Amino acid sequence: MTQVIVTVMPKQGVLDPQGQAVAGALAQLGFGGVGEVRIGKRIELAIDGDDPAGQAEAMCEKLLANALIEEYRVEVAG
């Protein structure tokens, strides 16, 4: 099994209401030096086979990421 990490984030220019809420809350808590906040997700997969990165990319295209509003990065951890 190969460990694969997929990071999914909103595309630049896409409204991120979660990120805006966190940025506002941080400012209210006194963390004024924080600029833009973007919230995404990290998915860890254990994949068997010859091309774990390719399989993870196919999973992103079909299920894990919404191609209209999100971008993803696939990393093979070992």
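This section describes the fold, the overall dimensions and selected residues of a predicted model of a protein chain.

The secondary structure of the protein chain consists of two helices and three strands. Read from the N terminus, these elements follow the order β-α-β-α-β. The protein chain is more spread out than a compact globule, because its radius of gyration is 16 Å, well over the 12 Å that the globule rule gives for 78 residues. The C-alpha trace spans about 50 × 25 × 15 Å along its principal axes.

Of the 78 residues in the protein chain, 24% are buried. The exposed surface of the protein chain amounts to about 5400 Å², and 54% of this area is supplied by carbon and sulfur atoms. With regard to charge, the protein chain carries 6 positive and 11 negative charges, whose mean positions lie 5 Å apart. When contacts between residues at least 6 apart in sequence are considered, 69% of them join residues at least 24 apart.

Strand β1 comprises residues 2-10. Seven of its nine residues are buried, that is, under 20% relative accessible area, so strand β1 is largely enclosed by the rest of the structure. In general, side chains in a regular strand alternate between the two faces of the sheet.

Strand β1 is paired with two other strands. Towards strand β2 (residues 41-47), β1 forms seven bridges, and the two strands run antiparallel. Within this pairing, Q3 is placed opposite A46 of β2. Towards strand β3 (residues 70-76), β1 likewise forms seven bridges in an antiparallel arrangement. Here V4 has V76 of β3 as its bridge partner. Strand β1 is thus joined by bridges to β2 and to β3.

Among the helical residues, P17 was examined in further detail. P17 belongs to helix α1, which covers residues 17-28. The relative accessibility of P17 is 53%, and this residue therefore counts as exposed, the cut-off for that class being over 50%. Between P17 and R38 the separation in sequence is 21 residues, while their C-alpha atoms are 8.7 Å apart in space. The exposed P17 of helix α1 may be set beside strand β1, in which seven of nine residues are buried.

Definitions and conventions: Residues are numbered from 1 along each chain as its sequence is written. This is a predicted model: local features need pLDDT of at least 70, side-chain atom pairs count only at pLDDT 80 or more; totals for chains, interfaces and linings use all residues. Side-chain values use heavy atoms; hydrogens and water are left out. Helices (H or I, at least four residues) and strands (E, at least two) are DSSP runs, numbered from the N terminus. The radius of gyration is taken over C-alpha atoms; the globule rule is 2.2 Å times the number of residues to the power 0.38. Buried means under 20% relative accessible area, exposed over 50%, partly exposed in between (1.4 Å probe, protein chains only). Contact means heavy atoms within 4.5 Å. Accessible areas come from the Shrake-Rupley method with a 1.4 Å probe; for residues, only the protein chains shown count as cover. Lys and Arg count as positive and Asp and Glu as negative; His and the chain ends are not counted. The place of a charge is taken as NZ of Lys, CZ of Arg, CG of Asp or CD of Glu. Two strands pair if DSSP finds at least two bridges between them.
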